[in-house]
Amino acid sequence: MKRKLLAFLVVLCMVLTVLPAGAISVPTEDVPVRGDATFEQASSLAQGNTYIAAVSNGDGTVSALANNSNNITAVTLEIAPDGDYILTSDSTTFWTVNSSGYFQNNGRNFYPSSSSVATSSSNGRAMTYADGHLSFNTSSAGTCYITFSGGAFGASNDAAQAADIVLYVMTDNGLEPVTY
């Protein structure tokens, strides 16, 4: 009988015991978790910032300039209903402007010529954004523009062929702290 009573009291004490706040130990430091980066519309380029350069598809999406396995491609991204920002984790579309004004992605420079687009590990072209157009200069063709036709990016020294580029700058890299 004493054993049963003692066992009952032990169980009762365990049930009635309420741990005080903070009695359970959990990590207190922030742990980064990858999420979507936030890009908001921009009107200019600045050294050190990361951008998405895109053409509006008119259906709530954009075709973004991407470094896909060292080839320039167009990647479709959704934009917010008001058109002011993009949430994405597709880092092939993230172009950082270096100190020479080159677009860089994954160790490659955007290296357009007067008639095509490419990437290079060593060469690049300083990019300019004005009046909704991305342009660059070459010694042989002068000012050239990024174009977009048939779902593909290109380049031309004919200003009439310049694509209407929407520029988005990264405002949040998507590394959100986790709180417990």
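This passage describes the fold, the nonpolar cores and two loop residues of a predicted protein model.

The protein has 180 residues, of which 34% are buried. Its secondary structure consists of 16 strands and one helix. Among contacts with a separation of 6 or more, 56% link residues 24 or more positions apart. The exposed surface amounts to about 10600 Å², and carbon and sulfur atoms account for 51% of this area.

In soluble globular proteins, nonpolar side chains tend to be buried together. In this model, the largest nonpolar core contains 22 residues. The members that touch the most others in this core are Leu65, Phe103, Phe110, Leu134, Ile146, Phe153 and Ile165. Two or more core residues come from each of several strands, including E3 (50-56), E12 (133-138), E13 (142-149) and E15 (165-172). A second core, separate from the largest one, has twelve residues, among them Ala54, Ala64, Phe94 and Tyr168. Leaving aside residues up to four places away in sequence, Ile165 touches Ala53, Ala54, Val55, Tyr129, Gly132, Leu134, Ile146 and Phe153.

Most residues other than glycine have a negative phi. Ser69, which is not a glycine, has a positive phi of about 55 degrees. Ser69 lies in the loop between strand E4 (61-68) and strand E5 (71-78). With a relative accessible area of 63%, Ser69 is exposed. Asn106 also has a positive phi, near 55 degrees. The loop that holds Asn106 runs between strand E8 (103-105) and strand E9 (108-110). Asn106 has a relative accessible area of 70% and is therefore counted as exposed, the cut-off being over 50%.

Key: Residues numbered from 1 in each chain as written. Predicted model: local features only at pLDDT ≥ 70, side-chain atom pairs only at ≥ 80, totals over all residues. Heavy atoms only, no water. Helix = DSSP H or I, 4+ residues; strand = E, 2+ residues; numbered from the N terminus. Buried < 20%, exposed > 50% of the residue type's maximum accessible area, 1.4 Å probe, protein only. Contact = heavy atoms within 4.5 Å. Areas by Shrake-Rupley, 256 points an atom, 1.4 Å probe, with all protein chains shown as cover. Core = buried A, V, L, I, M, F, W, Y, C linked by side-chain atoms within 4.5 Å.
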